[in-house]
Amino acid sequence: MNAMKRFYALMLALGTTLSLAATACAVETAFSDVDADHPFAGAIRWAAENGYVNGYSDGRFGVDDYVTRAQLAAVFHRSAGSPTASGAVRFSDVAATAYYANAAAWAADSGLINGYAGGRFGVSDPVTRQQVAAILWRWAGSPEALAEDYPDESAIASYAQTAADWSRANGILTARADGRFDPQTPATRAEVVSALYQYRTLSSSGAPAPAPDSGKVLVAYFSNTNNTERIAKHLEAILDADLYQITPEVPYTAADLNYNDPECRANREQSDDSARPAISGSTGSLADYDIVFLGYPIWHGQAPKILYTFLESYDFSGRTVVPFCTSGSSGIGSSAANLRSSASDANWLEGQRFSGGASRETVEAWVSGLRLPAASMAETPENASALNLSVNGTVLTATLAENSSAQALRELLAEGPRTIAMRDYANMEKVGPLGKSLPSNNEQITTQAGDLMLYQGDQFVIYYAPNSWNLTRLGRIHDAGVSELRELLGGGDVRVTLSLGESST
């Protein structure tokens with residue numbers, strides 16, 4: 001999967017004996033119980049700015065309050081970009097309508113948090129410090145680790161011993177004041193966000209930049225007071241992206257933005273569903289871009305109507321759109337969801353709200369948690385193999401990937417076409433048995449409509465909507481858009497016949 005540029009290298013270089021306190025000096029936060037000198041002020045501000053954790057209505061963060069298993073799942077799920085869980089909620093104590101329902105399913109499906117005997121998730125149980133370390137260790141891939149023993153090493157449960165060593169070696173979960181790990185004590189809100197911050201720093205640091213193996217990125221933004229532009233330029237530098245400013249044909253004046261005047265231009269446009277302010281200039285074609293970051297300020301809780309003009313001026317079919325907004329207090333709310341109707345053929349990722357003065361580090365930490373898709377396979381390499389898929393009589397063409405799994409599929413189909421009875425799953429994919437196991441090359445992937453995947457070695461999957469899961473890439477359909485694939489594949493069962501097509505060589 002895509003990785004982010006090296007960042008926070010100085011923080012890691014300070015050594016595993018130092019906590020986040022060493023890097024959080026004089027960091028201001030908006031919480032009454034977190035002053036600039038608080039040891040976890042930097043992590044708390046980072047978590048709040050990214051929307052992973054909210055404060056209380058009385059203005060406190062609640063630094064010493066315990067964290068429940070449901071709350072932890074929700075925080076980590078938001079940090080991961082709020083991916084869709086692959087299965088339905090299956091815990092007896094998790095209501096389908098609970099705010100943490102998808103997070104609990106995702107955490108369980110990902111192997112991060114296990115349920116209890118009897119089918120409970122334990123939503124209200126405080127999460128212990130050793131559980132926090134173990135969950136983050138699993139998220140890191142359960143690496144081997146050695147570290148100096150804690151004074152209370154013998155109190156650490158067997159399942160968490162390697163995780164505690166990994167945590168200590170990498171400065172993930174800060175030891176208590178007396179040097180003990182205190183494994184069975186509930187973790188506090190401040191400790192949880194600090195551990196998450198350190199984990200995200202570790203997972204992002206030292207990794208190569210996304211280019212050239214990620215899709216080409218465009219950052220398109222509308223900014224009237226330069227706040228959104230500041231975030232857009234952070235993204236430009238982080239992602240080595242192209243930058244495009246959405247400029248109104250008739251610029252907005254101070255009088256146009258006088259929200260106290262109900263007849264000002266901005267108020268009139270925001271209250272008119274049909275308003276589409278004209279844009280000066282054009283980006284040209286979006287054909288060169290796989291990913292579009294879309295930025296805007298919040299006006300009366302929504303995106304300015306010029307964003308709808310932009311989305312309706314281009315073909316976003318098959319592209320990934322990542323919205324972000326700036327505001328002094330309002331969250332991204334329903335603004336991103338409402339924009340989707342103007343580019344329904346795009347694959348939309350979860351959006352993010354920033355304050356206008358958000359640092360590059362804050363933006364980079366958010367981007368590092370996104371599951372950005374790999375480069376589009378729409379342009380077929382000269383030596384690539386073609387795959388034909390006949391779906392209930394409609395023939396689609398795909399390009400096979402270059403890995404041992406796709407090679408094994410080529411060899412299987414060289415014996416003759418293969419017909420698969422495919423069932424629908426979760427309104428996002430069709431899946432069916434190949435009848436033969438293929439080698440796996442699993443990676444964490446955020447799929448796009450048209451992706452062909454291998455699941456559990458012998459299940460062939462065609463995606464017509466996005467999902468994040470551990471899969472093996474087999475190829476990609478390149479002659480059908482999102483709406484066409486959904487119309488063809490959505491609904492009931494289908495029969496798909498696979499056969500090799502002609503190579504372009």
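Y314 is buried in this predicted model, with a relative accessible area of 18%. The cut-off for buried is under 20%, so Y314 falls on the buried side. Let's look at its ring partner, then at other aromatic rings and a set of paired strands.

**Aromatic pairs**
- A pair of aromatic rings is described by the distance of the centres and the angle of the planes.
- The count of aromatic pairs here comes to 17.
- In one of them, F76 and W139 have ring centres 5.7 Å apart and planes at 40 degrees, so this pair is tilted.
- F76 belongs to helix α3 (residues 69–79) and W139 to helix α5 (residues 129–139), so their pairing ties together parts that are 63 residues apart in sequence.
- F76 counts as buried at 1% relative accessibility, and W139 is buried at 17%.
- Y314 pairs with F310: their ring centres are 5.3 Å apart and the planes stand at 50 degrees, so this pair is tilted.
- F310 is buried, at 0% relative accessibility.
- Ring pairs also link F76, W106, W139, W166 and Y199 into a cluster.

**Charges over rings**
- R265 places its charged end over the ring of Y252, 3.7 Å from the centre.
- R168 lies over the face of Y150, at 4.2 Å from the ring centre.

**Strands around β7**
- Strand β7 (residues 386–391) pairs with β8 (residues 394–400) in the antiparallel sense, over six bridges; one bridge joins N388 to T397.
- The two strands form a hairpin with two residues between them, and N392 in the turn has a positive phi of about 50 degrees.
- β7 also runs antiparallel to β15 (residues 494–500), joined by five bridges; here S390 has T497 as its bridge partner.

Key
Residues are numbered from 1 along each chain as its sequence is written. This is a predicted model: local features need pLDDT of at least 70, side-chain atom pairs count only at pLDDT 80 or more; totals for chains, interfaces and linings use all residues. Side-chain values use heavy atoms; hydrogens and water are left out. Two strands pair if DSSP finds at least two bridges between them. Helices (H or I, at least four residues) and strands (E, at least two) are DSSP runs, numbered from the N terminus. Rings of Phe, Tyr and Trp (its six-membered ring) pair if their centres lie within 6.5 Å; planes under 30 degrees apart count as stacked, over 60 as edge-to-face and the rest as tilted. Buried means under 20% relative accessible area, exposed over 50%, partly exposed in between (1.4 Å probe, protein chains only). A charge sits over a ring if NZ of Lys or CZ of Arg is within 6 Å of the ring centre and within 35 degrees of the ring normal.
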